Amino acid sequence: MLAESNSFLSADPENAEHVDTIRRNGKHLLTIINDILDLSKIEAGKMTVEKIRQNPMNVVEDVKSLMQVKAAEAGISFGVEFVGAIPEFIETDPVRLRQILINLIGNSIKFTENGGVRLVVRFVAVGERAHLQFDVIDTGIGMTPEQVESLFSPFTQADSTTTRRFGGTGLGLTISRQLANMLGGDLTIESTVPGKGTQFRLTIGIGSIENVRLIEVPESYQSRSDFDAAQQAEISDDALAGMNILLAEDGPDNQRLIQFMMTKLGALITIAENGATAVETARRALRDGTPFDIILMDMQMPIMDGYQATRELRKQGYDGAIIALTAHAMEGDREKCINAGCDEYATKPISKQVVVPMILGLCGERVGA
């Protein structure tokens, strides 16, 4: 109620910050309570898991949509990679599988300040036993052998410094491993190097796959190239200094997020709330002799969408760089954007480690130093 009260928020500029603090700590407290309840159920033998026929792609897609937002907020990349074909259907508890993956990926995002996190999914069949394998790989702070030794113990994190710096209860990995065991698999640390990153491996049983079709995941769904670019890119604080960027985006939240990200790197941002406005703004800037260095074009907008706006600009002879921004990552989407006249394509929520090198590559020497 306080967050919706205009009189309360306008009475003091700090009130909004206080409301955010209350909300943030409330969420943290709820997480602690839920973790303790889960651990208590497991230790009392009251935790149960279901076996439901489920398309594993649906679970991964749900997790991906949630974790991309968290990664974008942290200023790092997050991608998903499928290695080989996977069963179209498996038997598992989708709620518990989702819980484990969100916990693992959330931890990796929390402990990664530069680079990114990726989820690698593969189907593994050894003899008569088949399982799905999920590797969560990050470029984060890593751990020492001593820290790894006690990592799966309840209420344990790497060390007290880690707890003070990053927060958390130390229950997530304990619960995740026990849930993995209940799903017919395990949770292990495959590798970790201090200052370089960590690779967790989750395996789960998938039931009988007799008469179950193996499907190839569309190549366009893969995100490994984005992750590799994020690992290699070192983004300086003034990477976009002096650049004039037009952001065509109708969503207020995306406007704020992208504007904050770009202005922090030195760019000047102009916002157009739909494709028609973007076309007129770009043309006016060109007539005034102050053309935009690049246009970030959301492809789903009202009045005139990004595809129509880009085609209209190209039709009128506009030859400036345009990057398509879209929430879609399905087969053919990139080609659709390029065919409309865009120079590059990036999925939302965007990561600066992916988009900034893209901008610099397209603009070349026009970037201010």
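**Helices, a buried threonine and model confidence**

Visitor: What sign does the phi of Gly364 have, and about how many degrees is it?
Guide: This is a predicted model. Gly364 comes just after helix α13. Its phi is positive, at about 55 degrees.

Visitor: Which span should helix α13 have at 1.5 Å a residue?
Guide: Helix α13 covers residues 352-363, which makes twelve residues. Its end C-alpha atoms lie 16 Å apart, in agreement with the expected span. That expected span is 16 Å.

Visitor: Which residues of α13 are buried?
Guide: The cut-off for buried is under 20% relative accessible area. In α13 the buried residues are Gln353, Val354, Val355, Val356, Met358, Ile359 and Cys363.

Visitor: How far apart are the end C-alpha atoms of helix α10?
Guide: Helix α10 runs over residues 275-287 and has 13 residues. At 1.5 Å a residue it should span 18 Å, and the model agrees. The end C-alpha atoms are 18 Å apart.

Visitor: What covers the buried residues of α10?
Guide: The buried residues in question are Gly275, Ala278, Val279, Thr281, Ala282 and Ala285. Their cover includes β10 (244-248), β11 (268-272), β12 (294-298) and α11 (306-315).

Visitor: At what angle do helix α4 and helix α7 pack?
Guide: Helix α4 is residues 94-110 and helix α7 is residues 172-182. Their axes are 10 Å apart, and α4 passes α7 in a left-handed crossing. The packing angle is about 145 degrees.

Visitor: How many residues of the contact of α4 with α7 are nonpolar, polar and charged?
Guide: From α4 come Arg96, Gln99, Ile100, Asn103, Leu104 and Asn107. They meet Gly172, Leu173, Ile175, Ser176, Leu179 and Ala180 of α7. The contact divides into six nonpolar, five polar and one charged.

Visitor: Is Thr92 buried or exposed?
Guide: Thr92 is in strand β4, residues 90-92. Leaving aside neighbours within four places in sequence, Thr92 is in contact with Glu50, Lys51, Ile52, Leu97, Leu183, Ile204 and Gly205. Its relative accessible area is 3%, so Thr92 is buried.

Visitor: Over which residues is the pLDDT below 50?
Guide: The mean pLDDT of the protein is 79, and 74% of its residues reach 70 or more. Beyond near neighbours in sequence, one stretch with pLDDT below 50 has two contacts in the model, and another has six. Where pLDDT is low, the predicted coordinates should not be read in detail. The two stretches are residues 28-32 and residues 365-369.

Notes. Residues are numbered from 1 along each chain as its sequence is written. This is a predicted model: local features need pLDDT of at least 70, side-chain atom pairs count only at pLDDT 80 or more; totals for chains, interfaces and linings use all residues. Side-chain values use heavy atoms; hydrogens and water are left out. Helices (H or I, at least four residues) and strands (E, at least two) are DSSP runs, numbered from the N terminus. The expected span of a helix is 1.5 Å times one less than its number of residues. Buried means under 20% relative accessible area, exposed over 50%, partly exposed in between (1.4 Å probe, protein chains only). Axes are lines fitted to C-alpha atoms, for helices over the stretch in contact, and angles run from 0 to 180 degrees between N-to-C directions. A crossing is left-handed if the near helix is turned anticlockwise from the far one by less than a right angle, and right-handed if clockwise. Contact means heavy atoms within 4.5 Å. Ala, Val, Leu, Ile, Met, Phe, Trp, Tyr, Cys and Pro count as nonpolar, Asp, Glu, Lys and Arg as charged, and the others, Gly among them, as polar. pLDDT is the predictor's confidence in each residue, from 0 to 100.
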